[in-house]
Amino acid sequence: MSGGLYGSEGGRNHDWDYPGPGSSMRRGDMYHADTYSGQFSGGQMYEGGRSSYGGQYDMDHDGGGYDAANLQATMMQMISSMQQAANSMPMGRGGSGLIPDPQRADTYDRPPLRPNSSRPADMDSGCKIYITGIQPQMTKDQLGSCFAACGIIKKSFVMSDKGFGFITFESPEAAAQAVKMSGRNFGGSVLNVSIARPKGQKRERSRSPSGRGPPRTRPFPPADGILDARPDRQSWDGGRSWGGDMPPSYGELYDRNAADWPGNNVAPFRGPPSFPERQPRPMPMPGGAPGGGWQRDRVALPQVDNRTINRELVRFYRLRELQRFVAEHRLSFNTVNTGTAFYQVGILAKKTKGKKNDEPLDTAVVDMLSARALMLAEEMDPHSLTNVFWGLANMGVAPKPQLTSALCKRAAVTWSNFKPQNIAMLLWSFSKLETQPPAEVLGFLLKRAVKVCPEFTPSDVANYLYGLAKLNIKADEQLTQALEKRVVEIAPQLKPQDLSNVLWSYATMGLEPSPGMGEVISKRMKSMTGESNQFAIVTFLWACAKLKTTVAPEISSALIQKMVQVEGDMDLQSLSTFLWSLAKLGCGEDIAALEQKALAELAKKSDSEIGQPTLLANLLWSFGKMGRSLPSEVTDRINRRALALKADFKPSDIASFLWGCAKLGITAEPEALKEFLDQISTKIAYLKSEDVSSIMWTFATMGLDSQAELTSKLVKHAVTLVESFGPEEIVWFLWSLAALGQSSPEVPLFMQTASTLWEKMGPDQKGVLHQVFLSCSHDERFKACCTAQTHEVVSTHGADCRSSFVDTAATEKEDLLAAIERFVSETGQTIIKSAVDETSGYSILAVIQDGSASKGCAVLFEGRRSYIQLSSGVRLFGGASQLRKRHLQSIGYRVVSVPYWEWDECAILGSAAQQGYLSNLLRSRPK
């Protein structure tokens with residue numbers, strides 16, 4: 001009886017069946033042989049059956065077993081025939097075994113490709129990958145999302161019921177990156193990834209026990225001794241007699257327990273030795289994180305349990321570990337898990353940024369997580385949606401446009417379910433990302449806030465106001481009132497950081513706190529003295545300065561002490577802003593220690609590290625406003641840095657920088673000054689009222705009356721800003737026009753504005769306005785543009801302004817007064833020492849009645865503050881001194897000015913030289 005037919009196709013092994021009585025040969029009692037269209041590839045044979053290349057081999061079956069002698073003869077005949085076939089076949093590439101010739105189509109187990117067929121280009125170029133281990137429920141979109149971070153996917157194909165699929169990328173590099181992800185856990189299943197190859201190029205399976213190395217071949221066994229019927233010859237010798245190790249896959253084809261063959265004493269072959277189980281492939285770190293290489297300790301969840309995932313996400317305190325967990329399990333995330341993952345990554349990224357143990361944020365993980373969020377966008381609840389944006393804001397990573405669009409669409413649908421915290425966090429996130437929310441989202445954020453405002457916590461109010469200010473969103477009156485009411489209600493609960501943010505938002509948006517809110521905030525100011533965060537302190541004081549909120553001296557002193565006690569290097573930008581705020585608030589009496597700290601920090605930095613234009617402008621403005629002086633080496637460094645950054649200065653920075661230079665008696669470098677004036681001319685529309693006032697004051701103080709054309713432009717721009725002028729700004733603007741002798745038809749408009757703001761003016765502003773009134777009455781150039789309305793303002797407020805005016809010019813110079821007395825005694829003239837003019841209120845060192853003018857000769861000593869010293873060494877007579885001199889001359893005095901440096905030079909030569917110098921000045925008469 002003939003046994004089973006050997007007809008293996010495509011490497012499949014068919015069962016053999018011996019139905020005769022007493023037959024005990026079972027499945028697996030055979031040798032395996034790969035076949036190539038009917039050819040034997042290893043010279044193997046089967047006991048019973050026929051070879052696929054022809055001859056029939058029957059084994060007698062007598063119901064009681066096989067005859068050993070007959071079997072031996074039959075097998076020898078088979079081996080002889082097979083060796084003849086082997087000799088007629090060409091040898092392949094190396095080795096001692098029979099290898100099919102690739103040039104012969106009949107040696108392949110599959111038909112060859114047709115001559116006119118072509119393989120796909122994506123396979124030839126290595127762009128296509130082959131994935132196994134796919135779960136039945138996984139779709140091609142889900143499979144694509146697993147590898148979205150690797151590159152652009154052109155197409156994907158999944159046979160989920162078979163457990164495999166293909167993905168075609170745009171580039172071979174993307175496919176190579178995807179192969180590196182082989183062995184990772186995606187959605188509870190481990191995917192194996194390799195480069196896809198056409199069927200004709202499929203590699204031969206490895207024959208080595210380790211699964212590596214070139215394929216091993218088996219030669220035909222010699223005719224004597226391989227299939228020896230004697231039991232003592234049946235032993236496994238490690239494959240040495242077979243020309244190579246038996247691969248592990250062949251072990252299942254042997255039955256070691258088949259010792260119950262019939263009594264022909266033919267024992268079965270023993271199986272190969274057992275091989276150790278291969279260890280799972282180690283897990284690569286996502287994105288090549290630090291500590292790189294392969295990570296064997298994988299964090300794996302036994303089941304897809306979303307509550308367990310959430311608990312796992314919040315337990316991480318290392319960014320690297322959290323990123324690895326997210327990369328492995330993101331496909332198991334639901335909406336809540338996705339939101340939590342963004343939240344946690346954002347927290348850890350913010351905490352570790354800039355620290356010694358800084359762990360870099362892996363953008364590949366963020367992209368994977370973003371892809372998951374995009375997939376679940378339509379199911380996102382408001383809290384998870386907010387967490388996505390909040391996490392990205394803390395990471396400093398801008399979301400992809402597709403993700404932003406999908407989440408915003410979802411937010412517009414579910415806006416009625418947004419809670420107060422979600423509203424505040426979402427607006428804050430958009431502001432930190434510097435992304436303007438879509439109109440429909442912004443609409444519900446404003447509308448919903450009005451309804452839930454009474455439920456805002458202190459942090460919610462601070463974050464919401466911060467978002468409005470940062471995004472420059474104008475809130476309507478209803479929302480503003482609701483927010484202010486809530487601030488008043490929760491003021492006792494405001495933390496220092498929240499209080500700083502609330503005040504900063506009001507200052508940035510230009511809102512003026514109501515009296516009730518201002519009173520509550522004033523009571524909470526004391527809490528800032530316990531704040532240790534220097535940035536919160538700086539923000540708080542800056543906001544108070546912008547809002548012109550009075551800060552008690554004890555509070556400002558405590559805050560100054562806090563800043564002085566900051567250990568280590570301080571941020572120069574914060575330090576300059578803090579000094580600016582103190583100067584603006586008039587709290588510059590107790591800053592000696594802070595001044596020294598600022599100069600020390602400045603000395604540590606190189607010229608390139610000093611800072612940006614705003615820092616330079618704030619430093620000069622602050623020291624000038626507080627009447628402090630800067631060492632010449634510091635001003636030189638600042639000027640050099642300003643010259644290097646001249647093109648980066650904003651109009652407001654230029655105004656503050658020039659004002660500080662004028663106040664400190666220094667000038668900018670000529671090249672930088674020319675650049676600044678050009679920028680003012682071209683960007684004049686960006687100037688605010690305070691900037692216009694500062695620039696005009698600078699021109700007047702530095703005596704830049706040559707800039708008549710630019711001054712006219714500034715006056716015309718000031719007309720458009722007249723309603724935004726404050727008391728101090730309008731007063732100094734008018735003073736600048738008077739000092740420059742600028743006759744402008746708009747002067748009556750500015751005078752009327754000053755009259756409107758009269759009630760808000762302090763004594764200092766009223767004293768400055770007195771000098772403007774003097775120009776209206778006595779300066780021929782200025783009073784030409786004054787109208788009856790202007791003179792009415794002067795007559796209404798003139799007396800109050802005169803009583804508020806205090807001349808700060810030096811009236812004590814003992815050696816100069818002694819020289820004047822000697823001169824008077826020689827000439828027989830009278831002298832009035834330390835006189836004060838009744839009309840103008842100016843202080844005069846001495847008045848000599850010499851008949852040169854109706855009121856005599858006024859001797860003025862011009863100190864250092866009366867001059868502006870250029871970098872070239874030239875000294876310019878300051879605008880304030882020029883204005884005083886003009887006023888005294890118009891009242892009826894002959895004015896003799898004694899410059900400080902000329903008098904000091906004469907003092908070196910002796911008193912005789914000083915006397916001679918003074919006599920020449922007093923005897924000279926103007927032509």
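## Exercises on a predicted model

The model has an open sheet of four strands, ordered β13-β14-β15-β18, with mixed pairing. Keep in mind that this is a predicted model.

**Exercise 1. Find the edge strands of this sheet, then work out what packs on the sheet.**

Step 1: look for strands that pair on one side only; these are β13 (830-836) and β18 (894-899).

Step 2: check the twist, which averages 25° from one strand to the next.

Step 3: zoom in on one edge. β13 and β14 (residues 843-849) are antiparallel partners over six bridges. For a concrete pair, take A835, whose bridge partner in β14 is I844.

Step 4: now look for the helix. Helix α35 (residues 911-923) packs on the sheet and touches β14, β15 (857-862) and β18. The direction of α35 makes about 155° with that of β18.

**Exercise 2. Describe how helices α5 and α6 are arranged, and say which residues meet.**

Step 1: start with the geometry. The axes of α5 (residues 306-314) and α6 (residues 319-329) come within 10 Å and cross at roughly 155°.

Step 2: classify the angle. Anything over 145 degrees counts as roughly antiparallel, so α5 is roughly antiparallel to α6.

Step 3: list the contact. From α5 come I309, E312 and L313, and they meet L322, F325 and V326 of α6.

Step 4: sort those residues by class. The contact of α5 with α6 has five nonpolar residues, one charged residue and no polar ones.

**Exercise 3. Decide whether α6 is largely enclosed or not, and back it up with residues.**

Step 1: count what is buried, using under 20% relative accessible area as the cut-off. Nine of the eleven residues of α6 pass, so the helix is largely enclosed by the rest of the structure.

Step 2: name them. The buried residues of α6 are L319, L322, Q323, R324, F325, V326, A327, E328 and H329.

Step 3: set that beside the whole protein, where 49% of the 927 residues count as buried.

**Exercise 4. Place C786 and E690 in the fold, and work out whether each is buried or partly exposed.**

Step 1: locate C786. You'll find C786 in the loop between α30 (780-783) and α31 (788-804).

Step 2: check its accessibility. C786 counts as buried because its relative accessibility is 12%.

Step 3: look around. Setting aside neighbours within four places in sequence, C786 is in contact with C776 and H791. S744 is 42 residues away along the chain, with 8.9 Å between the two C-alpha atoms.

Step 4: repeat for E690, which lies in helix α25 (residues 689-701). Its relative accessibility is 25%, so E690 counts as partly exposed.

Step 5: look around again. Leaving out neighbours within four places, E690 is in contact with K546, K584 and E729. The C-alpha atoms of E690 and A718, 28 residues apart along the chain, sit 9.9 Å from each other.

**Exercise 5. Work out where the pLDDT is lowest and highest, and which stretches call for caution.**

Step 1: get the overall picture. The protein has an average pLDDT of 75, and 73% of the residues score at least 70.

Step 2: find the extremes. Strand β1 (residues 35-36) is lowest with a mean of 33, while helix α9 (residues 382-395) is highest at 94.

Step 3: flag the stretches. The pLDDT is below 50 over residues 1-66, a stretch with 141 contacts in the model beyond near neighbours in sequence. It is also below 50 over residues 202-303, where the corresponding contacts number 172.

Step 4: apply the rule. Where pLDDT is low, predicted coordinates shouldn't be read in detail.

Notes: Residues are numbered from 1 along each chain as its sequence is written. This is a predicted model: local features need pLDDT of at least 70, side-chain atom pairs count only at pLDDT 80 or more; totals for chains, interfaces and linings use all residues. Side-chain values use heavy atoms; hydrogens and water are left out. Axes are lines fitted to C-alpha atoms, for helices over the stretch in contact, and angles run from 0 to 180 degrees between N-to-C directions. Helices (H or I, at least four residues) and strands (E, at least two) are DSSP runs, numbered from the N terminus. Angles under 35 degrees count as roughly parallel, over 145 as roughly antiparallel, 65 to 115 as roughly perpendicular and the rest as oblique. Contact means heavy atoms within 4.5 Å. Ala, Val, Leu, Ile, Met, Phe, Trp, Tyr, Cys and Pro count as nonpolar, Asp, Glu, Lys and Arg as charged, and the others, Gly among them, as polar. Two strands pair if DSSP finds at least two bridges between them. Buried means under 20% relative accessible area, exposed over 50%, partly exposed in between (1.4 Å probe, protein chains only). pLDDT is the predictor's confidence in each residue, from 0 to 100.
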